[in-house]
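Here are some short exercises to work through at your own pace. Try each task on the structure first, then compare your steps with the solution.

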Amino acid sequence: MAEDTRRERVVLETERQRIVGDVMLPTEGFRTRLSDLLNSEGLRFIALVDAEVTDHATGDMTTHDFVAVARDHVQVAYDDAV
């Protein structure tokens, strides 16, 4: 990971799934917040690494090294502050 970026653990909720994973954000300057990423013009997919995907209907969870989530499907997004 480059020194000018940082990982932030986030939760993305879609109609069918809860997706928890790390997004890469700049450490300082422009677009350092999750809301900045979500509102980026032209962004169609949100890239997450070290992701856990949980199905709302069944509760089944799978893990993935990388997941791309269509921004249009995200209903709720927030930092996964522990």
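**Exercise 1. Find out whether Asp-50 is buried, partly exposed or exposed.**

Solution. Start with the cut-offs: buried means under 20% relative accessible area, exposed over 50%, and partly exposed in between, using a 1.4 Å probe and protein chains only. Asp-50 has a relative accessibility of 38%, so this residue counts as partly exposed. Before going on, please note that this is a predicted model, where local features need pLDDT of at least 70, side-chain atom pairs count only at pLDDT 80 or more, and totals for chains, interfaces and linings use all residues. Residues are numbered from 1 along each chain as its sequence is written, and side-chain values use heavy atoms, with hydrogens and water left out.

**Exercise 2. Identify the partner that Asp-50 meets in a salt bridge, and say which strands the pair ties together.**

Solution. A salt bridge is a side-chain nitrogen of Lys or Arg within 4 Å of a carboxyl oxygen of Asp or Glu. The partner of Asp-50 is Arg-7, at 2.6 Å from N to O. Asp-50 belongs to strand E3 (residues 45–55) and Arg-7 to strand E1, so their bridge joins parts 43 residues apart in sequence. Strands here are DSSP runs of at least two residues (E), helices are runs of at least four (H or I), and both are numbered from the N terminus. Arg-7 is partly exposed, with a relative accessible area of 40%.

**Exercise 3. Extend the search to Arg-9 and see which residues form a network.**

Solution. First, Arg-9 forms a salt bridge with Asp-22, at 3.1 Å from N to O. Asp-22 sits in strand E2 (residues 17–26) and Arg-9 in strand E1, so this pair connects parts 13 residues apart in sequence. Next, check the accessibility: Asp-22 is buried at 10%, whereas Arg-9 is partly exposed at 26%. Finally, put the pieces together: Arg-7, Arg-9, Asp-22 and Asp-50 are linked in a network of salt bridges. The whole structure has six salt bridges, among them one between Arg-33 and Asp-36, with closest N and O atoms 2.8 Å apart. Arg-33 is exposed, at 52% relative accessible area.

**Exercise 4. Describe the surroundings of Val-10.**

Solution. Val-10 lies in strand E1, which covers residues 5–13. With a relative accessible area of 1%, Val-10 is buried. Now look for contacts, meaning heavy atoms within 4.5 Å. Leaving aside neighbours within four places in sequence, the contacts of Val-10 include Ile-19, Val-23, Leu-34, Leu-48 and Tyr-78. For a distance along the strands, take Asp-55, which is 45 residues from Val-10 in the chain: their C-alpha atoms are separated by 17 Å.

**Exercise 5. Step back and describe the chain as a whole: how many helices and strands are there, and in what pattern?**

Solution. Count one helix and five strands. Along the sequence they follow the pattern β-β-α-β-β-β. Then turn to burial: buried residues make up 32% of the 82 residues. As a last step, consider the contacts with a separation of 6 or more: residues 24 or more positions apart account for 54% of them. The C-alpha trace spans about 40 × 25 × 20 Å along its principal axes.
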